[in-house]
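Me: I should like to learn how to read the features of a model such as this one. Please begin with the idea of burial.

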Amino acid sequence: MESQLIAIVAAVLVVVVVFGILAYMVISAIVRGKELKDAWNECDDPNVPDLRKYWCRKCKGHHGIYGGGEKETTKCNNCDSDDVHRVTPITLWQKFGYSLFTLVCLSLGIVAETLGVNTSPIQIAYVFYGMAVLCAFVFGYVYRTKSAARNEWLIWAKERGYEENAKKI
Ligand SMILES: [Zn+2]
């Protein structure tokens, strides 16, 4: 009985974490949309570095994007490449959030296994382990791509007089 209760609590925890992350994503998407609009109102020169805009890795510039719907990927207005990225620095909070999600799944798996929670036909512990591994892979990939694009952008931006700590956005 007790182990079942713990399994339920664990499942509720996972749902809370997932919903928290989703809410955060929605809110930050709204804020981003507003920032992007402001950025384009201020300046529409593709050669002026702007952290708020998407940057195309292929033709190197802030040319603007189109698409980004459910079926279509986000593409560059100038060269139609889908290698467009946001170039904001990866904050400590983002790293924390990414690792937290993986750690929560991992510890839930360990807890379930230690307590010997038996949920046939599928063992909940392995589901949690699977989620942890998946999260680690996805976030590792996102992180690598993002920091690679950011580094390329920084070199490009510095050639155009961008100073990293000049203004904080
Ligand atoms: Zn492009």
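Reply: A residue is buried if 20 or more other C-beta atoms lie within 10 Å of its own, and exposed if 12 or fewer do. The model discussed here is a predicted one.

Me: Which residues of α2 are buried?

Reply: In helix α2, the buried residues are Phe-101, Val-104, Cys-105, Leu-108, Gly-109 and Ala-112. They pack against α1 and α3.

Me: How many buried residues does α1 have?

Reply: Helix α1 is hardly covered, with one buried residue among its 41. Over the whole chain of 169 residues, 15% count as buried.

Me: How does one judge the length of a helix, and what does the span of α2 show?

Reply: The distance between the end C-alpha atoms is set against the span expected at 1.5 Å a residue. For the 23 residues of α2 the expectation is 33 Å, and the ends are 32 Å apart, which agrees. Helix α1, residues 2-42, reaches 60 Å from its first C-alpha to its last, close to the expected 60 Å. Just after α2, Gly-116 takes a positive phi of about 65 degrees.

Me: How are the elements of the chain arranged from the N terminus on?

Reply: The chain has three helices and four strands, and their order is α-β-β-β-β-α-α. The radius of gyration is 21 Å, well over the 15 Å that the globule rule gives for 169 residues, so the chain is more spread out than a compact globule. Along the principal axes, its C-alpha atoms fill a box of roughly 65 × 35 × 25 Å.

Me: What share of the contacts with a separation of 6 or more joins residues 24 or more positions apart?

Reply: Such pairs account for 50% of those contacts. One case of residues distant in sequence is Tyr-162 and Pro-49, which are 113 residues apart in sequence and 6.7 Å apart in space, C-alpha to C-alpha. Tyr-162 lies in the segment after α3. Leaving aside neighbours within four places in sequence, Tyr-162 is in contact with Pro-49 and Ala-157.

Me: Why does Tyr-162 count as partly exposed?

Reply: Tyr-162 has 17 C-beta neighbours inside 10 Å, and therefore counts as partly exposed.

Me: How should confidence be read, and which elements have the lowest and the highest mean pLDDT?

Reply: Where pLDDT is low, the predicted coordinates should not be read in detail. Here the mean pLDDT of the chain is 87, and 96% of its residues reach 70 or more. Among the elements, helix α2 has the lowest mean, 86, and strand β1, residues 54-56, the highest, 94.

Terms used: Residues numbered from 1 in each chain as written. Predicted model: local features only at pLDDT ≥ 70, side-chain atom pairs only at ≥ 80, totals over all residues. Helix = DSSP H or I, 4+ residues; strand = E, 2+ residues; numbered from the N terminus. Expected span 1.5 Å × (residues − 1). Contact = placed C-beta atoms within 7 Å. pLDDT = per-residue confidence, 0-100. Rg over C-alpha atoms; globule rule 2.2 N^0.38 Å.
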